[in-house]
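User: Could you take a close look at the second largest pocket of this model and describe what its lining is made of, then set that beside the other parts of the fold that can be described with care?

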Amino acid sequence: MSNVRRFVLSSLVLVCGCMVGPNYHRPTTPTPVTYKESNGWLPAHPSDAADRRDWWTVFGDPTLNALEARVEVSNQTLAAAEAAYRQAHALVAQDQAALWPTVTANASVNVSGGGGSGNVTTTGTGGTGTGGTGTGGTGTGGTTVNQSATRAAYRVSIGATWAPDIWGAVRRQIHSAKASAQASAALVANARLSAQTELAADYISLRELDEEKRVLDGTVEARTRTLAITQNKYAAGNAARSDVLTARTQLEGAEASNTDLIQQRARMEHAIAVLAGEPPASLNLAPGPWTLKVPQIPTSVPSALLERRPDIANAERAAAAQSELIGVAVAAFYPNLTLTGDAGLAAPNLGQLFNASSFFWSLGAQAAETIFDAGARSAKVRQARAAYDQAVANYRQTVLVAFQNVEDNMAAQRVYLVEEAQLRAAATDAAANVTITHNEYEAGTVDFTTVATAQVTALQSEDAMVQMQANRLTTAVSLVEALGGGWTTASLPKS
């Protein structure tokens, strides 16, 4: 290889290594050192259940575990998100192809014909005679007629076209496509986590309804006995007719509430079926006991949240994708170079096509530069920069909301723990008061209004305690979601 050719190739390599436009750096975000509500919380540890992918196992319910396993393979929202990721990943391969030459193969045969003219020689006989004798002779003459000529041309060739990525526009586009694919992968993780946490919350609500029905079943039994006692006292002349009506009204109200729980539970069961990717008719969850445990969710330092939440990763990768598009827009200010080449064989007949004399080749180069576009390229650069600024703002807002989610749920867990103890004490006292007032009513020392009031208070107190237990569980689920479940940015695809 001559020194000139080495110089040209080396220069081309150096030029192709250039990329115009800004290089991306992760935007800064306001990140606290610790959480405001972190007092009393356990630090994260690799062995903690909440740091695993199957985080729902910390609630200790086998039915919930089985339902969550179906989300991964059957949830259609998740399937749609995964399909969108595959589409984004295919776009990366499409953009990468632009780095390489486009090679085409061609083969052709052309047959043509057309009119022509020429002289054709003819012969004839003739003679003269005198009397009875004669002599013969021959002669020639020329006649013009039309003839047809047929011509053929055979050609096979291979051509190549290459536009070197001198200013890095293609590479910037590839980097943007990769970042977009990673953002799409983060959306898949976020869709998976959302479906899992929604299913867990719906399952908790289902078991809450089972527990509320257990409470109401007991209330219906107790009020049925109270109605019987009141009717007996009325028959004996020791109670007013209004007492019987009040007791019956309370019983009927409890029965109506109990019936309404059946409809609420059916709707919750249907929602769980859809999340699990099944028709509602195919899923039947038998009523079960209140066995769900409220876990202590471990937390980590706030800065770790930036690596654990898929929605944050999605917003950050979207900012990276927009940053690369600035370089694509800037590259439009520089000239484009296109190299072409063509080689093949051409001959007038098939037998001569592969002779050495039939070989041909050509090389070409074309450079193009836009001289005037009325500011269109500058506008595209401004547009790309504005889109990047918007993506950065969205990223920072996503981070702030994530910190808020964690703080909110940590505060709720701390307050609910105290509130549940208070409600449990209130429910115990209310149940004791029902017993006392009921005995006093039978003894005739208090009227029925006192008994009815005590029964209503007891039911409300027990319902409030059940709802508080459910609140603690759903808040734990929300905290797991706020912390990103078991996901980290290490799960993002690298290419």
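Analyst: In this predicted model, the lining of the second largest pocket divides into 12 nonpolar, three polar and two charged residues. These belong to a set of 17 lining residues, of which Pro164, Trp167, Ala169, Pro335 and Asn336 lie nearest the centre of the pocket. Helix H4 and strand E3 (336-347) each supply at least two residues of that lining, and the volume of the second largest pocket comes to about 230 Å³.

Helix H4 also takes part in the largest pocket, whose volume is about 370 Å³. Of the 18 residues that line the largest pocket, Gly218, Thr219, Ala222, Val434 and Ala458 are the closest to its centre, and the elements that give two or more residues to this lining are H4 (169-235), helix H8 (376-443) and helix H9 (448-482). The most is given by H4, with eight residues, while by class the lining of the largest pocket has eight nonpolar, seven polar and three charged residues.

The helices H4, H8 and H9 return in the largest nonpolar core, to which helix H2 (62-74), H5, helix H6 (302-308) and helix H7 (310-331) likewise each supply at least two residues. This core holds 42 residues, and those that touch the most other members are Trp55, Phe59, Leu199, Ile272, Leu305 and Val406. For Leu199, leaving aside residues up to four places away in sequence, the contacts are Leu64, Leu67, Glu68, Val71, Ile272, Leu275 and Ala276.

Helix H5, one of the contributors to the core, runs over residues 241-275 and has 35 residues; from its first C-alpha to its last H5 reaches 52 Å, close to the 51 Å expected at 1.5 Å a residue. After H5 comes Gly277, with a positive phi near 75 degrees.

A positive phi, of about 60 degrees, is also found at Ala374, although Ala374 is not a glycine. Ala374 has its place in the loop between strand E4 (359-368) and H8, and Ala374 counts as exposed because its relative accessibility is 64%, where the cut-off for exposed is over 50%.

Notes:
Residues are numbered from 1 along each chain as its sequence is written. This is a predicted model: local features need pLDDT of at least 70, side-chain atom pairs count only at pLDDT 80 or more; totals for chains, interfaces and linings use all residues. Side-chain values use heavy atoms; hydrogens and water are left out. On a 1 Å grid over the protein atoms alone, a cavity is a set of points where a 1.4 Å probe fits but cannot get out, and a pocket is an open set with protein on both sides within 12 Å along at least five of seven lines; lining residues have an atom within 4 Å of a point. Grid points are joined across faces, edges and corners, and a volume is the space filled by probe spheres set on the points. Helices (H or I, at least four residues) and strands (E, at least two) are DSSP runs, numbered from the N terminus. Ala, Val, Leu, Ile, Met, Phe, Trp, Tyr, Cys and Pro count as nonpolar, Asp, Glu, Lys and Arg as charged, and the others, Gly among them, as polar. The expected span of a helix is 1.5 Å times one less than its number of residues. A nonpolar core is a set of buried Ala, Val, Leu, Ile, Met, Phe, Trp, Tyr and Cys residues joined through side-chain atoms within 4.5 Å. Buried means under 20% relative accessible area, exposed over 50%, partly exposed in between (1.4 Å probe, protein chains only). Contact means heavy atoms within 4.5 Å.
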